[in-house]
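Biologist: I'd love a close look at a single part of this model, please: the surroundings of the ligand. Take me through it in one connected answer, with any neighbouring space that helps to place it.

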Amino acid sequence: MTRTPDGRAPYAGTPPARARTPADLDPRRIPVHVACVMDGNGRWASQRGLPRTEGHAAGEEALLDTVNGALDIGVQWLTMFAFSTENWRRPRDEVRYLMGFNESLLVRRRDELHDKGVRIRFAGRRDWRVPRRVLRRMDESVALTAGNRRMTLTMAFNYGGRAEIVDAVRALVAEGTPAQRIDERAIGAHLYHPDQPDPDLVVRTSGEYRISNFLLWQLAYSELVFTDVLWPDFRRQHLFAAVAEYQQRERRYGGVRA
Ligand code: FPP
């Protein structure tokens, strides 16, 4: 396969559509639910000779601009992958930093998000590894914003797609559900947020073409858009470009064109 000078495989899908403003988008085809894998913070920092943690810190602006861009175009559900069940394998200092960073990000940004009508939620395991004070901030943010409906921002934190499916099946078994009653509807109803629609669009930054255990059940028919932009450089214009690309796709759900 031909490779780019940095050794990476060239972009394999449809060339990305360019949309710089909401006016470039079809307002009737805005994805209801967008999910993002915020990847590339470490590489962004290394390129600048900075510690990886500086890349995460720079990712905050990208996160907030993406939320604001999503609000601008009327996205109703936005799910961001903030920490995976596998990210505990990262160096201890980075994990410690990420716990504190996510906590302080909530404290610094929740009022602003609340004022904009954003409901904050979390998806993931509340296991012993997540520090109590982080859980406390999460609970406070959920309680503060519980009544908001303009957009639901779900932070996938200590989240794994396989773990979510395991947890759903465990819950069904614990309820005594007979095997023949375990079907797609039953599993769907026991996911972390059963009321959440499946993502229409998943965006992953940093030129990696992987799902990395994100929303495995829910993204069965999601449209995937990959961009080379590293997460700290991602802004609402990149979100609009991804939505423009989504709007060019034909969704068939296993059927044929109508
Ligand atoms: C998946 O890649 C990506 C994530 C789980 C996102 C991680 C994001 C952060 C740690 C930064 C969060 C930033 C903000 C602003 C809250 P992976 O690296 O877990 O998987 P891979 O090994 O397959 O690439």
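Modeller: On a 1 Å grid over the protein atoms alone, a pocket is an open set of points with protein on both sides within 12 Å along at least five of seven lines, a cavity is a set where a 1.4 Å probe fits but cannot get out, and lining residues have an atom within 4 Å of a point. Keep in mind that this is a predicted model, where local features need pLDDT of at least 70 and side-chain atom pairs pLDDT 80 or more, while totals for chains, interfaces and linings use all residues. Residues are numbered from 1 along each chain as its sequence is written, and side-chain values use heavy atoms, without hydrogens or water.

Let's start with the space itself. The largest pocket holds about 530 Å³ (the space filled by probe spheres set on grid points, which are joined across faces, edges and corners). Its lining has 29 residues, and M38, F81, A82, N87 and R90 come closest to the centre. Helix 1 (41–47), helix 2, strand 2 and helix 3 each bring at least two residues to this lining (helices are DSSP runs of H or I with at least four residues, strands runs of E with at least two, numbered from the N terminus). Helix 2 gives the most, with five. By class, the lining splits into eleven nonpolar, nine polar and nine charged residues (Ala, Val, Leu, Ile, Met, Phe, Trp, Tyr, Cys and Pro are nonpolar; Asp, Glu, Lys and Arg charged; the others, Gly among them, polar).

This is where the ligand sits (more than half of its atoms lie within 2 Å of the pocket's grid points). Around the ligand are 17 residues (each with a heavy atom within 4 Å of it), the closest being N87, R90, R204, R210 and S212. Helix 2 (52–73), strand 2 (77–84) and helix 3 (92–115) each supply at least two residues of this shell. The shell comprises six nonpolar, seven polar and four charged residues.

Now to the side chains that meet ligand oxygen atoms through polar contacts (pairs of N or O atoms within 3.5 Å; within protein, one must be able to donate a hydrogen and the other to accept it, and sequence neighbours count only if both atoms are side-chain atoms). S212 places a polar side-chain atom 2.6 Å from a ligand oxygen. For R210, a side-chain N or O atom is 2.7 Å from an oxygen atom of the ligand, and for R90 the distance from a polar side-chain atom to a ligand oxygen is 3.0 Å. The ligand on its own has 630 Å² of accessible area, and the protein covers 86% of that (Shrake-Rupley method, 1.4 Å probe).

Helix 2 and helix 3 also help to line the largest cavity, as do strand 3 (118–123), helix 4 (132–145) and strand 4 (151–159), each with at least two residues. This cavity contains about 140 Å³ of space. It is lined by 16 residues, with N102, L105, L106, F122 and M155 closest to its centre. Here helix 3 gives the most, with five residues. The cavity lining has 14 nonpolar residues, one polar and one charged.
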